[in-house]
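Dear colleague,

Here is the structure I promised to pass on to you, with the sequence alongside. Please have it open while you read, since the notes below go through it part by part.

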Amino acid sequence: MGQFRMRSRARVRPGARVRSRARAVAVVSAAILAGPALGPAASAGTVPTHTPAAAVQTAAGTSLRFVDIPGDGGTKLAANVVTPTGGAPGTRYPVVVLPTSWAMPQIEYVVPAQKLADKGYVVIGYNSRGFWQSGGEIETAGPKDIADASRVIDWALANTPADPGRIGMAGVSYGAGISLLASAFDPRIKAVVAMSGWADLIDSIYSGRTEHAQAAALLGGAGFLTGRPSAELTEILKNFLSGNLDKEAEMLAWGAKRSPTTYLDRINANGAAIMLGNAWGDSLFPPNQYADFYGKLTGAKRLEFRPGDHATAEAGGLLGLPNDMWADSTRWFDHHLRGVDNGIDREQPVQLKSRTGDGGYEGYPSWPAVPSSTRTIALTGTQRVLANVDSGADGGTIFLSSILDQFLQVPPVASIPLLPRAFAGVWQSDRYGTQTKVRGTTKLHTTVTASHESGTIFAYLYDVGPLGIGKLVTHSPLTFHGKTPGVAFPVDIDMYATAYDVPAGHRLAVVLDTVDPLYLEHNPFGAGLAFSSPSNDPSTVTVPVRD
């Protein structure tokens, strides 16, 4: 982020902001309409507390308790504790701590917690501070949340038959981020499973220096519905969703403090065995940042990517349905906390499932080993586009598009021949004679000449069939500031990693335009962009493939 230049005043173009705010309001309104299903949030200043209940026998050999655990500064954390029973006096069990996801109640993990307890784990699921019946304000995985995780571990060791040498943490989304961060600050944590989480918060919701407006608005709306956002979070969201560049340095510092990658050295030094899982179409935390983080871990590690959107790949496991992610999580804990020789340490550590394949997994020794070669698409000639108009190529709608892709293999589509060339630059490959298995991160390089100092570019890669209908393979945004109008400059865009099989007889298409409903855009009204390919610096798209 060091190349970011701050401007002396906020670059907030009224026309673009009105459209972006309208989209943000629509997303927040959707979250508000979901309120009756979620239930009312605890109001500020009147935090309900639990009356510690007697242990309830839940299954043969386990008991369930609902308790209040004192977190950092004594803040009450609403929790449920599932404990094995019937062991010999003095028996100690491995413990797994599960912080809840953003906006989810404390019962989120009751079903998987029961399954773990049946296998001999003490399991504590607790509501993250600021949400529902827990006290405090939403800190967004800040220092108080990290300290809370350690206080829960302290409580487990003092109040349950937990083994101090066999402690694990896991969670979905928000719980995943807190678990990774806690492993940097509490060396007692020996194993972590982080599902649909983040390693780099900035690269997740501000990738390409572009605000992921729908994602941020949805998180903000859900936070206001189910919890008590801190003044700091409220201010951050306001500046983020308005695209206020004057506050960019503050937002970057806020995000870095909450990013596990910031504490990578500490995580590696503590040596917890870390398993990461995510979906290719995660609307909140795209997969690239997890893959980069995974490659820098030095201890025992595993990376799994599947079709789906945020938390949809593991959602079934929360309901007790058969689920690959939760099954592998249990195997991970069994091996690293219970010493079970189940073979997970001998499997290929990178496991991928194609969005369009037969449903099987592909194993690789590392993330760089996933593609075996590349296909290159030349972005020849010069194409000029006008900004501020949606060409029809876009990344879809948060959650909906990737869920349709996960279950029906129906990603966002566009008619490539009908895309208006005044608003979109389009290039196509030749037809491929055999199936092309896209695997990894597609990289675009081009030269841009802009009419204004700021602007936003959206890059898309489509699988185009015989009728010209393009199915979205991947995409990514890029925003630039401080450029000299009329002077060409190079641009590099890493699109979101994916696994997608392009059928034989199809071709790939590259589209560049300036508007996408998922994001804020910074193109001044009436702006224009030219994409060219100088002879000394050709413009290309490099697609990673598995032969």
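Is Arg188 buried, partly exposed or exposed? Please keep in mind throughout that this is a predicted model. Arg188 has a relative accessibility of 25%, and because buried means under 20% and exposed means over 50%, Arg188 counts as partly exposed. Its salt-bridge partner is Asp186, with the closest N and O atoms 2.8 Å apart, and Asp186, at 3% relative accessibility, counts as buried.

To set that pair in context, the protein has 14 helices and 24 strands, and of its 547 residues 59% are buried. When contacts between residues at least 6 apart in sequence are considered, 78% of them join residues at least 24 apart.

Salt bridges

The whole structure contains 26 salt bridges. In general, side chains of opposite charge can pair when their charged atoms come close. Glu304 and Arg302 are joined in this way, at 2.7 Å from N to O, and both Glu304 and Arg302 are buried. A further salt bridge links Arg439 with Glu362, where the closest N and O atoms are 2.8 Å apart. Because Arg439 belongs to strand β16 (residues 436-440) and Glu362 to strand β11 (residues 361-364), this pair ties together parts that are 77 residues apart in sequence. Arg439 and Glu362 are both buried. There is also one network, held together by salt bridges that share partners, which takes in Arg302, Glu304, Arg306, Asp328, Arg331 and Glu347.

An open sheet

Five strands form an open sheet in the order β14-β19-β18-β22-β15, and their pairing is antiparallel. At its edges are β14 (413-415) and β15 (425-428), each of which pairs on one side only. From one strand to the next, the twist averages 35°. Looking more closely at one edge, β14 pairs with strand β19 (residues 469-480) in the antiparallel sense over 3 bridges, and Ala414 has Gly470 in β19 as its bridge partner.

Nonpolar cores

In soluble globular proteins, nonpolar side chains tend to be buried together. Here the largest nonpolar core has 94 residues, and those with the most contacts inside it are Leu276, Trp367, Ile416, Tyr462 and Val511. Helix α5 (residues 174-185) supplies the largest share of this core, namely 7 residues. If you wish to follow one of these residues further, Ile416 is in contact, leaving aside its neighbours within four places in sequence, with Arg421, Val426, Gln428, Tyr462, Val464, Gly468, Gly470, Ala509 and Val511. Gly470 therefore appears twice in this account, because it is the bridge partner of Ala414 as well as a contact of Ile416, where contact means heavy atoms within 4.5 Å. Separate from the largest core is a second one of 29 residues, which includes Val491, Tyr500, Val510 and Leu512.

A covered helix

Helix α7 (residues 213-226) has 14 residues and reaches 20 Å from its first C-alpha to its last, close to the 20 Å expected at 1.5 Å a residue. This helix is mostly covered, with 11 of its 14 residues buried; among them are Ala213, Gln214, Leu218, Gly220, Gly221 and Thr226.

With best wishes

Note on methods:
Residues numbered from 1 in each chain as written. Predicted model: local features only at pLDDT ≥ 70, side-chain atom pairs only at ≥ 80, totals over all residues. Heavy atoms only, no water. Helix = DSSP H or I, 4+ residues; strand = E, 2+ residues; numbered from the N terminus. Expected span 1.5 Å × (residues − 1). Buried < 20%, exposed > 50% of the residue type's maximum accessible area, 1.4 Å probe, protein only. Salt bridge = Lys/Arg side-chain N within 4 Å of Asp/Glu carboxyl O. Pairing = 2+ DSSP bridges. Axes fitted to C-alpha atoms, helices over the stretch in contact; angles between N-to-C directions. Core = buried A, V, L, I, M, F, W, Y, C linked by side-chain atoms within 4.5 Å.
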